[in-house]
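Here are some notes for a colleague who is opening this structure for the first time. Please read them with the model on screen, taking the points in order.

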Amino acid sequence: MFFNKKFGLKERKVIVTGASGGLGRDLTLRLIRHYGCRVLGVARNEEKLMSIKTELCDLSEKFEYICLDVSQRESWTRLGKYVHSGRFDADVLINNAGMLPRFAKFGMYSPEETKKCLSLDQNSVIWASEEFLPIFDGKEGASIINIASADALCPLAGTSVYSAAKSAVRAFSEALREEYRGKIYIPAVCPGFIRTDIMKGQGRSVSPLVDFFSMPSEKAARILLRRANAGRSRIVFGFDAHFMSAAYKISPVLSLRFFKWIFKISGLDMFRDIF
Ligand SMILES: NC(=O)c1ccc[n+]([C@@H]2O[C@H](COP(=O)([O-])OP(=O)(O)OC[C@H]3O[C@@H](n4cnc5c(N)ncnc54)[C@H](OP(=O)(O)O)[C@@H]3O)[C@@H](O)[C@H]2O)c1
């Protein structure tokens, strides 16, 4: 009850990174339609960001956007200045923009691929905190919601860099959560598979089987926001995420072997570079 009064999402001014597609788009739509928020969407694709305004119809004035590449440190300086200037007096930041490199053994990634993933999935979250913790310190009800992944609870063969980045985000968020307890709400979010375009960036056909087991993005947004609104410290959702977490707690060694075996017997093309 106390949490909901002080923090909570109702009628907040929220920055959502990666708002142009997937989970970020559904978070944006839901924040505006169901929580009465104003949202500043951040992403690179202007056309997709503009289409959110069209989709919102009567509520379109509650959405604005800024095109930035959040994997660049300067973008966070620009965003910080934008907020400081009073153009969008944010009190919540959702660090959602992310990418999943193709499933492959680490040795198959180029240094550029590794750098790209670490810059976006890990460093951007740290840069965001460098910029926004001073802005949010002392601000009533401020929150920084960091989207990690189930891979942060149980790393998977074939996702070494992504698992490392998302584990860093989880650990970083948990440390900050304690440091800023009662002042800024900073949960780590660890979802399982969500049906978005994230796999399409891999240049591989996504198996309908993976799609089938993935949670619809609208549902993921609904669960995430409900739990964040209730002040959950750690937000884990999706059967696969809970299963991975439990398996890793029982056996950190055998669980990885088990999931690799699942990838192998699935015979799916998208996992072929793991073996
Ligand atoms: N989908 C899953 O199964 C799953 C599972 C666990 C966790 N997650 C996490 O959930 C988050 C959202 O993933 P998603 O599935 O919605 O991915 P998605 O469908 O690929 O969408 C990614 C979003 O991030 C934006 N983005 C990518 N690179 C960016 C950059 N450099 N600067 C600014 N924006 C950038 C994209 O917009 P532009 O291209 O317009 O920039 C897009 O709006 C990610 O952090 C992901 O790791 C996803």
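**Notes on the ligand shell, the sheet and the helices**

1. In this predicted model, the shell around the ligand comprises, by class, twelve nonpolar, 13 polar and four charged residues. Altogether 29 residues surround the ligand, and the closest of them are Gly 18, Gly 22, Arg 44, Asn 45 and Gly 98. Among the elements that contribute to this shell, helix 2 (residues 22-35) gives the most, with three residues.

2. The sheet is a good place to turn to next. Seven strands form an open sheet, in which the order is 3-2-1-4-5-6-9 and the pairing is parallel. Its edges are strand 3 and strand 9 (234-237), each of which pairs on one side only. If direction is ignored, neighbouring strands of this sheet are turned against each other by 15° on average.

3. At one end of that order, strand 2 (residues 38-43) pairs with strand 3 (residues 63-67) in the parallel sense, and five bridges join the two. Within this pair, Val 39 of strand 2 is placed opposite Phe 63 in strand 3. To get from strand 2 to strand 3 the chain passes through helix 3 (residues 46-56), and the resulting β-α-β crossover is right-handed.

4. Further along the sheet, strand 5 (residues 143-147) and strand 6 (residues 188-191) are also paired in the parallel sense, here over two bridges. In this pairing, Asn 146 stands opposite Ala 188 in strand 6. Strand 6 is also one of the two strands across which helix 9 (residues 239-250) lies, the other being strand 9, and the helix runs at about 110° to strand 9.

5. How do helix 5 and helix 6 lie with respect to each other, and which residues make their contact? The axes of helix 5 (residues 111-136) and helix 6 (residues 160-179) come within 9 Å and cross at roughly 10°; as angles under 35 degrees count as roughly parallel, the two helices are therefore roughly parallel to each other. Residues of helix 5 that make the contact include Thr 114, Cys 117, Leu 118 and Asp 121, while those of helix 6 include Val 161, Tyr 162, Ala 165 and Lys 166. Sorted by class, this contact of helix 5 with helix 6 has eleven nonpolar, three polar and two charged residues.

Definitions and conventions: Residues are numbered from 1 along each chain as its sequence is written. This is a predicted model: local features need pLDDT of at least 70, side-chain atom pairs count only at pLDDT 80 or more; totals for chains, interfaces and linings use all residues. Two strands pair if DSSP finds at least two bridges between them. Helices (H or I, at least four residues) and strands (E, at least two) are DSSP runs, numbered from the N terminus. A crossover is right-handed if, with the strands pointing away from the viewer, the path from the first strand over the helix to the second runs clockwise. Axes are lines fitted to C-alpha atoms, for helices over the stretch in contact, and angles run from 0 to 180 degrees between N-to-C directions. Angles under 35 degrees count as roughly parallel, over 145 as roughly antiparallel, 65 to 115 as roughly perpendicular and the rest as oblique. Two residues are in contact if their C-beta atoms, placed from the backbone, lie within 7 Å. Ala, Val, Leu, Ile, Met, Phe, Trp, Tyr, Cys and Pro count as nonpolar, Asp, Glu, Lys and Arg as charged, and the others, Gly among them, as polar. A residue is near a molecule or strand if its C-beta atom, placed from the backbone, lies within 6 Å of it.
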